[in-house]
Amino acid sequence: MISHKCAPSAQVTARNVLPYARVLPMLRRRRALLALILTASLTACEPGSTPDDASSDAPLRDDAPVIDAGPVTPLPTDHCTYAPLPATARAGGTVTPGAVRAGVAIRAIEAPIGVALGGNTSRANLFGSQGTIDARDVRLSGSFTPSVGIETIPHAKALAITAGDETVVLLRTDLIFADDTITHEVTERLGPELAGKVIWTSTHSHTAPGSFSADLKFQVGAGPVRASVRAALVEALVGAAEEALASRVPARIGIATNEHFDPEHHVSYDRRDENDDLFGGQERADERLAVIRVDRVDGEPLAIVPIFGVHSAILDDDVAVFSTDASGAFDHAIEEQFDREVLVMHVQGAAGDVLGASHGHLRFADEEPQWDFARNEECARFATAEIMEAWERAGSAMQDTLAMEMVTRSVEMGPSWETFTVRGGALSYAPWDGTRACDRVVFEADGLTVASPIDEFNAPGGASLCGDDADPQLPIARLPNTEGLFPYGSCASIPRVTRVLGPALSFEFGRMPICSGTRTTVGAWRLGDFLFGLAPGEPVTLWRDAVVARSPFPPGRTFVIGYALGHNGYLLTPEDWLRGGYEPSINSWGPLEGEYLGERIVELLALAATDVREDAAAGGADRVVAPSFTDTGVPDADPAPRAGEIPETIPTEVWMRRGIHPLTAQPSARVERVTGVARFVWIGEDPMTATPHVRLEREVDGVFQPVVRRSGRVVEDRDLLLVWTPLPLLYTAGEPRTHYWTLEWQAVSWEHGVLEDRAGLPLGRYRFHVEGRDYVVDSAPFEVVPGAIDVHASVEGTSIAIDARYQPREGWRLLDLEGPADHDVPVLAGPLEIELLQEGGGSETQSAPLASPGIVRVTPSGSGRVIEVIVRDRFGNEGRASP
């Protein structure tokens with residue numbers, strides 16, 4: 001979830017399948033820094049004694065005397081606001097098959113550029129400021145590196161399904177996680193007929209807007225909570241849901257599965273080595289794929305929902321632009337299989353311990369931000385064939401009537417230790433008093449059975465950072481008597497840590513326990529003959545297996561949807577949690593939290609499996625109500641009197657990818673295919689006001705028209721990189737800044753298609769079109785011309801060996817599935833036309849098939865010495881060399 005470096009960059013020549021443990025040294029270094037901060041802050045306090053409750057002003061000392069204050073009671077939650085969860089819609093009825101109707105919609109999430117990106121603590125100023133490109137001062141992101149632009153636009157996607165009298169809305173966002181309070185707010189906005197019937201799940205992109213979760217501890221990895229960002233997100237979710245509901249038409253649904261998805265691990269790999277013994281010594285990723293296919297009754301595709309787990313964190317933590325990462329690439333790859341717009345939403349499965357696999361495709365200088373977006377597309381291309389095969393099989397199982405039910409429940413979390421008693425009482429916690437020394441017995445004598453009651457996790461307000469190291473990295477926040485005890489030695493009391501991190505990061509954490517951490521939301525969805533458990537966190541594979549094994553439906557017809565409804569960090573079984581590693585460091589209530597949530601989901605799976613429509617809310621707890629948030633400290637948007645102006649000169653501080661500084665605001669008059677990049681600079685609005693909408697246009701019959709993909713979608717992102725720079729970089733109250741916007745496009749085909757066709761971009765005149773809040777501006781037209789091929793030719797006996805490559809030094813688009821994208825890209829589109837110029841003026845032309853990527857051999861038919869070789873690919877790109 002909130003990681004320190006979720007996707008280490010691989011070298012261009014190496015597949016990125018290294019163990020996830022490589023992030024641990026970085027994690028330990030940052031913990032050491034945090035330990036210094038904590039020690040300096042907390043050891044300055046006067047001696048005293050207190051329970052582990054940050055609502056007290058008493059100092060925190062590990063050497064304080066223990067005072068017997070009588071029976072232990074959980075921390076009070078009187079500072080939290082709760083409200084009853086509305087009764088489940090249509091409770092009391094009967095689940096019967098009914099006619100299917102479905103509708104879809106998509107809305108952009110209009111979060112302002114400049115907001116902190118969610119998912120990496122390393123973007124905090126205190127922990128490395130990863131992604132920093134210059135000295136810009138952006139108050140919206142607080143103590144986090146600000147975002148600076150867009151590679152792919154984050155969206156809220158909606159699929160509304162009605163079957164008979166039951167309606168369910170599936171919402172998916174390109175964000176780091178979901179949030180219970182927003183799920184409930186959206187559900188309330190949609191009306192009582194959808195109470196308990198709204199699924200909100202996120203892709204877990206680590207390069208998407210953060211700053212929206214009401215669970216205040218997640219500020220440490222997602223930036224300060226901002227009211228404007230929450231509002232933009234809620235409006236996108238509600239708008240998409242309402243549009244999908246309004247657009248429902250008679251439909252058919254089919255589901256197909258693949259229990260052996262990605263057997264060669266081209267798409268993903270198991271990043272968690274610590275639990276391999278629990279799989280019999282084997283590594284195991286999420287090999288389960290389900291594809292929900294939704295068609296109109298006339299057979300026209302309407303929606304496709306692939307469900308499988310891949311941590312959407314392929315990009316590095318120094319990427320500072322919005323990107324939908326791997327999940328967005330999966331969507332795009334499937335969307336472009338069709339000649340019309342079909343809604344595709346990849347939904348996460350057991351992604352907690354599964355990382356996307358990819359090569360590095362670009363070369364970077366030291367300290368240069370590694371914006372290698374080609375890695376996402378590579379990962380998606382490997383997944384496409386298996387997803388489409390399942391989609392085809394789902395076509396033979398289409399139904400226009402089916403039974404459907406969804407149930408949702410709010411459940412208690414901490415601060416009561418008794419809540420987490422699981423396995424029929426076999427595992428439980430000892431009371432949490434924050435002072436009692438534990439017995440340091442983690443397992444029974446057999447070394448396998450977890451010793452119970454567990455007294456090592458003595459954390460009245462919760463604890464995080466467990467599991468990575470047995471050493472006491474945070475001694476002041478350590479749980480009692482756990483020094484050197486694996487995996488508890490590294491646990492840090494949340495109340496104690498937040499008392500220091502709050503001032504250090506300028507966050508408000510409030511009283512402990514954090515209110516959103518005292519409740520969460522779980523759910524279950526029955527769709528025909530399939531059951532889906534809705535998990536509020538990051539399911540790891542072993543935990544998913546445990547939930548599926550207890551389903552009332554067969555395992556092959558039960559799936560888990562992760563990152564759904566709310567968020568609680570990683571979901572692990574107790575045995576898995578106690579194996580340590582990275583994943584146990586990101587949850588709050590210790591080794592029994594995941595098991596407890598799994599049992600609650602299984603209870604709801606049982607309800608959804610019956611033919612009775614139950615009121616699932618009645619068996620749960622009141623939900624937590626989010627406090628009111630503001631944008632305190634964020635200045636009003638600057639006026640933009642120069643918006644729409646194309647500057648005559650470009651200040652050197654205007655930032656573009658790879659440190660490129662264009663000499664003019666307008667694109668070059670001629671841009672070569674493959675190797676050329678067109679750039680445009682204009683002055684626009686403050687992103688707090690709006691984000692300019694951009695698109696690529698091409699001249700057709702003397703008129704510039706929007707460029708559209710095969711699916712009919714306008715080219716407005718993915719091929720285009722939008723970046724913003726405020727000047728002056730440093731903010732001064734009362735002095736408005738000028739906001740420069742830059743746009744880049746590499747001259748390769750926008751069609752997904754086959755990679756070899758990327759070099760075949762249609763020639764002609766193009767331009768950029770920009771629509772701002774109060775202005776419209778177009779770039780000067782530019783001509784796309786054939787690109788240059790870098791040719792090397794050598795005489796080998798009677799033949800000539802030719803090596804033909806592109807050299808797109810400033811490019812970033814994927815051109816070779818497993819090779820570089822910015823240098824030595826072999827020509828993939830054969831055959832090649834080879835013209836041999838002979839000494840004395842003769843010549844001949846041959847068509848030569850590729851012997852391997854970029855390599856051909858020709859044998860001259862004449863006797864004259866060949867003095868020059870001209871190579872043309874099948875698109876007319878050309879290069880020459882002397883053998």
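**Close-up views of a predicted model**

**Figure 1. Helices α2 and α4 cross in the right-handed sense.** The view is taken from a predicted model. Helix α2 spans residues 180-190 and helix α4 residues 227-246; the two pack at an angle of about 45 degrees, and their axes lie 10 Å apart. An angle of this value falls outside the ranges for roughly parallel, roughly antiparallel and roughly perpendicular, and α2 and α4 are therefore oblique to each other. On the side of α2, the contact is made by Thr-181, Ile-182, Glu-185, Val-186, Arg-189 and Leu-190. Helix α4 contributes Arg-230, Leu-233, Val-234, Glu-235, Leu-237, Val-238, Ala-241 and Glu-242. Sorted by class, the contact of α2 with α4 comprises eight nonpolar, one polar and five charged residues.

**Figure 2. Ala-236 is a buried residue of helix α4.** The relative accessible area of Ala-236 is 4%, and buried means under 20%. When neighbours within four places in sequence are left aside, Ala-236 is in contact with Arg-107, Ala-108, Ile-109 and Ala-156. Lys-157 is 79 residues away from Ala-236 in sequence, yet their C-alpha atoms are 8.8 Å apart in space.

**Figure 3. An open sheet of four strands is arranged in the order β15-β18-β19-β21.** The pairing within this sheet is mixed. Strands β15 and β21 stand at the edges with a single partner strand each, so one side of each has no neighbour in the sheet. From one strand to the next, the twist averages 15 degrees. Helix α10 packs on the sheet and touches β15, β18, β19 and β21. The direction of α10 makes about 150 degrees with that of β15.

**Figure 4. Strand β18 has antiparallel pairings with β15 and with β19.** Nine bridges join β15 to β18, the latter covering residues 519-527. Within this pairing, Thr-408 stands opposite Gly-523 of β18. Strand β15 comprises residues 404-412 and is mostly covered, eight of its nine residues being buried. Five bridges link β18 to strand β19, which holds residues 530-534. Here Arg-526 has Leu-531 of β19 as its bridge partner.

**Figure 5. Ser-516 occupies the loop between α7 and β18.** Helix α7 covers residues 494-505. Ser-516 has a relative accessible area of 10% and is buried. Beyond residues up to four places away in sequence, Ser-516 touches Thr-181, Ala-214, Asp-215 and Val-624. Thr-181 is also one of the residues through which α2 contacts α4.

**Figure 6. Helix α8 carries buried residues that are covered by several helices and strands.** The helix spans residues 541-549, and its buried residues are Thr-541, Leu-542, Trp-543, Arg-544, Val-547 and Val-548. The strands that cover them include β13 (354-356), β20 (538-539), β21 (558-561) and β22 (570-571). Among the covering elements there are also the helices α9 (574-577) and α10 (593-609). Both β21 and α10 return from the view of the four-stranded sheet, where α10 touches β21.

**Figure 7. An open sheet of five strands follows the order β11-β3-β28-β29-β25.** Its pairing is mixed. The edges are formed by β11 (321-322) and β25 (677-684); each has a single partner strand, so one side of each is left without a neighbour in the sheet. Strand β28, residues 720-727, pairs with β29 in the antiparallel sense over eight bridges. Leu-722 has Leu-743 of β29 as its bridge partner.

**Figure 8. The edge strand β25 is largely enclosed by the rest of the structure.** Eight of the eight residues of β25 are buried. Both faces of the strand are covered, with Val-677, Arg-679, Val-681 and Ile-683 on one side. The other side presents Ala-678, Phe-680, Trp-682 and Gly-684, likewise buried. Strand β25 runs antiparallel to β29, to which eight bridges join it. The bridge partner of Arg-679 in β29 is Glu-744.

**Figure 9. His-752 lies in the loop between β29 and β30.** The flanking strands cover residues 738-746 for β29 and 764-771 for β30. With a relative accessibility of 4%, His-752 counts as buried. Apart from its neighbours within four places in sequence, His-752 is in contact with His-332, Ala-333, Glu-336, Gln-337, Glu-377, Arg-381 and Arg-758.

Definitions and conventions. Residues are numbered from 1 along each chain as its sequence is written. This is a predicted model: local features need pLDDT of at least 70, side-chain atom pairs count only at pLDDT 80 or more; totals for chains, interfaces and linings use all residues. Side-chain values use heavy atoms; hydrogens and water are left out. Buried means under 20% relative accessible area, exposed over 50%, partly exposed in between (1.4 Å probe, protein chains only). Two strands pair if DSSP finds at least two bridges between them. Contact means heavy atoms within 4.5 Å. Axes are lines fitted to C-alpha atoms, for helices over the stretch in contact, and angles run from 0 to 180 degrees between N-to-C directions. Angles under 35 degrees count as roughly parallel, over 145 as roughly antiparallel, 65 to 115 as roughly perpendicular and the rest as oblique. A crossing is left-handed if the near helix is turned anticlockwise from the far one by less than a right angle, and right-handed if clockwise. Ala, Val, Leu, Ile, Met, Phe, Trp, Tyr, Cys and Pro count as nonpolar, Asp, Glu, Lys and Arg as charged, and the others, Gly among them, as polar.
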